[in-house]
Every structure is written in structure tokens, then in C-alpha cells.
Amino acid sequence: MPVSSAPRPTGATRSTRSARTARSARFAAQHTPTDQESSVKISWLDIRSLGEAREAILQEALHHRVEAIVADDTADLKDLPPTVTKVLFPQGKALPEDFGDATVVIVDPAKHGVTPAELALKHPEVEVGRFVEIIDAPTLEDACESARTEKWSVLLFRDPTKIPLEIVIAAAARSTGSLVTVAQDVEEAEIIFGVLEHGSDGVMMAPAKVGDTAALKRAAEADVPNVNLTELRIVETTHIGMGERACVDTCTHFREDEGILVGSHSKGMILCVSETHPLPYMPTRPFRVNAGAIHSYTLGKDERTNYLSELKAGSKVTAVDVKGNTRLVTVGRVKIESRPLISIDAEAPNGQRVNLILQDDWHVRVLGPNGVVLNSTELKPGDVVLGYLPSEDRHVGYPIDEFCLEK
């Protein structure tokens, strides 16, 4: 039967940050966060300084359902659909008397002469946030205070180092407000989303060209969906002789209940555990998964499968724990070597057969229910392992609804 894929409890810090992210996105009527997308980041599109491509970029933003449009003139927010948050941020300009259709107003107290709290009392119909430009220790403390107390904190870091952002994120760990950090381009946005693992709740970016908005949304939604794992019963194992197997060394410290999904067929995989558990004769290598024969599939980015043989430094693979929770991890190196191989056949409750070919050695392991670690060479008919049964066939790794027979 399927194993629950409920989100992993990770304490007060993660739960409050998930709540912040959900609150940040609620203004976009089309986006109601679910358990699997509670970590989705928000994207604010800054249209204040766009040139001739502005209309095309704005249409692209609406098509890709960005969470908010940022303008410095209420007229630019007037005709936007109700599915997008309308943010008024008159940076360098005086605040208007009437906020028009704006749902969020960002103020710079030093320039506008009013605090968010004072403005909120005068205009209860909008949510008010604070802009902070971080250039030194005093302004960094201002940013931390804003992160702890304001509903919205829009942060601009002048120096390229991300250490000040780390400090602000740590300061905001138990707050219910949301951090939106200014990014110069999509590459910086990707980094901002990942700082201290939690990342900024959102990014505000002025796109340079058509296509940047789509790339920003992809970066914001980079987390892979959780998977529903299934208990598979071992049918038989066969020693099949020599072949090449791949060890996938990542830039991540795996947990003891975590590994990657690997299988000979795209529609059936088994959860291979990392070398986190102690072994005789050798130290643990918690960054490594002895994953299987080089022809095998594993899950990568964008729900695409990759052959183990095509992974390389910088590739992304999906780490999965025994509850089906996922995260993308980066490959640091792949070691391909000739080793004896063992073929493992298992069967799902619906009768579907799953095959995995591993290095034929006792220290290569897979995971069973409740995180039980099973040595591959000791598997016998009737033993239960955890696996995943994707419903789609694959074409060049991408899921597609077509006929495909794998043997």
C-alpha cells in the first residue's frame, strides 16, 4: 500500500516560515498553497523602469502567474486582473493620497516620512511593508528589525555577499512577515531562494527582456513535488556477472532515511539508501549513493528522469526519504567502475514488476518501510522494499502520455 508523503516535521522555524510563504502568496487568487507547494517562493515583477518591452513582459508575467506586480504609479495597477497582487512602491517619489487598486504599499520611512505602522492606521484597506537598503551594520539591524515586525520587508543588498541576507533570514525565523529580496537577474534570484536552505520568501526583479519572467517563475518553483512511495515485495534476485555501476557523489549530507530512486525502467524504481549507515572496513560516506548499473534511471529536475551514465558534476538529482518527501541535490561527481552485478525483481500490489540492478556486494543497500536498511545481497523473496511507480511513460526523460513497453 502507498506510504504517506506528508511533510516532514522540522520544528518551529520551518513551520513558521511555511506559514509566511503561504501568507505571502494568498493575495494571488489563483494560488492556494497545498502541502506539497508550501515551500514555493513568491515572485514580484518590478515594472517601474521597463522600456519598450514593458507590455510584452507584463503579459508574460500574467501568463506565468507571478504573484505580484510592482509599480510606482497607481495608474499602472489599475487594469491588472484580480489574480495578481498589486504592489505600490513609489521609491524616490512622494506617497499619493489615494492608493487606488493597490493591495500592498511599500514605504521607505527615511524618504517618505512615515512608518509602516503609522500608514497602516491611516489606510487599513491595504497591507503595508517597509523598504530597507542594506549598506552597513546599522542598516542591517534595520532590516533585521523589519523582518521581525513588519508584514512585508523589501530588502536591497548593495554588496554581493549573501552573509547579510543570512543574518536577516535567521533574525526572521519566528516572524510571520515575509521577506522579499531584490535580485538583479534570474541567476541571483536562484541563489537568494536557497540562502540558509530556507531562502528569502520572495524575490523582486525587473526583467531585462521577454523570457526573464518565465525563468524567474521556474526558479521560484524549483522544489520537486513529493512522491507517493509504494511497498514492493521481492520476487527474486539473480547474480548476473560483470558490468558498470555508478556511485553518485553529491554535494549534500544525506539523512539516514534518505536516498535516491533508481530503476531499470522509467515506470518503476526502488529507493537506494546513501552510505550514511556504518559499514565494516570503511568509513561512512554520507554524500554518496551506490546507485546501480549505468543504464538505470533516476529522478532529476523538473520530474525528468536521467540515466545514471549521463549525470555529471553540477547535475541535479532528487533525494527522497521514506515518507516520500523530496529535495533537489547537486551532483559533485559520478564514479563509474566495473563490478559484479545483482538483479533484483520486485512486485507492486497491483502486480507491476520493478527491476533494479545493483553492485553485487553486501554493503550496497536499499530502504524498506520505516527506514529499515536492507543489504542487497541478503534480499530474499517476500522481503519488502520501498519504491515509486511513475504513471507516465518517458521521452528523452520527460513524462509523456504515450504507449511505451519496457522489458
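**Exercise 1. Is V210 buried, partly exposed or exposed, and what is its relative accessibility?**

Before solving this, keep in mind that the structure is a predicted model, in which local features need pLDDT of at least 70 and side-chain atom pairs count only at pLDDT 80 or more, while totals for chains, interfaces and linings use all residues. Residues are numbered from 1 along each chain as its sequence is written, and side-chain values use heavy atoms, with hydrogens and water left out.

Step 1. Locate the residue: V210 sits in the loop between β9 (202-205) and α8, where helices (H or I, at least four residues) and strands (E, at least two) are DSSP runs numbered from the N terminus.

Step 2. Apply the cut-offs, by which buried means under 20% relative accessible area, exposed over 50%, and partly exposed in between (1.4 Å probe, protein chains only). V210 has 48% relative accessibility and therefore counts as partly exposed.

Step 3. Look for partners: leaving out residues up to four places away in sequence, V210 touches A56, I57 and E60, a contact being heavy atoms within 4.5 Å. V210 and A53 are 157 residues apart in sequence, yet their C-alpha atoms are 7.3 Å apart in space.

**Exercise 2. Describe S49 in the same manner.**

Step 1. S49 belongs to the loop between β2 (42-46) and α2.

Step 2. With a relative accessible area of 60%, S49 is exposed.

Step 3. From S49 to A206 the separation is 157 residues in sequence and 7.5 Å in space, C-alpha to C-alpha.

**Exercise 3. Work out how helix α8 is arranged against α2 and against α7.**

Step 1. Recall that two packed helices are described by the angle between their axes and the distance between the axes. Here axes are lines fitted to C-alpha atoms, for helices over the stretch in contact, and angles run from 0 to 180 degrees between N-to-C directions.

Step 2. For helix α2 (residues 54-63) and helix α8 (residues 212-220), the axes come within 8 Å and cross at roughly 30°. The two helices are therefore roughly parallel to each other, given that angles under 35 degrees count as roughly parallel, over 145 as roughly antiparallel, 65 to 115 as roughly perpendicular and the rest as oblique.

Step 3. The crossing of α2 and α8 is right-handed; a crossing has this name if the near helix is turned clockwise from the far one by less than a right angle, and is left-handed if anticlockwise. I57, E60 and A61 of α2 make the contact with D212, T213 and A214 of α8.

Step 4. The residues of this contact divide into three nonpolar, one polar and two charged, where Ala, Val, Leu, Ile, Met, Phe, Trp, Tyr, Cys and Pro count as nonpolar, Asp, Glu, Lys and Arg as charged, and the others, Gly among them, as polar.

Step 5. Turning to helix α7 (residues 186-194), its axis and that of α8 come within 9 Å and cross at roughly 15°, which makes α7 roughly parallel to α8. This crossing, too, is right-handed, and the contact joins V186, A189, E190 and F193 of α7 to D212, A215, L216, A219 and A220 of α8. Seven of these residues are nonpolar, none polar and two charged.

**Exercise 4. Identify the largest nonpolar core and the strands that build it.**

Step 1. A nonpolar core is a set of buried Ala, Val, Leu, Ile, Met, Phe, Trp, Tyr and Cys residues joined through side-chain atoms within 4.5 Å. The largest one has 30 residues, of which I260, I270, L358, V366 and V385 touch the most other members.

Step 2. Several strands supply at least two residues each, among them β10 (229-250), β11 (258-265) and β18 (353-359). The largest share, six residues, comes from β17.

Step 3. A second, separate core has 25 residues, including L155, F157, A172 and L216.

**Exercise 5. Find two residues with an unusual backbone angle.**

Step 1. Most residues other than glycine have a negative phi.

Step 2. R65 is not a glycine but has a positive phi of about 60°; R65 lies in the loop between α2 and β3 (68-71) and, at 45% relative accessibility, counts as partly exposed.

Step 3. N370, likewise not a glycine, has a positive phi of about 65°. N370 is in the loop between β19 (365-367) and β20 (373-375) and is exposed, with a relative accessible area of 79%.
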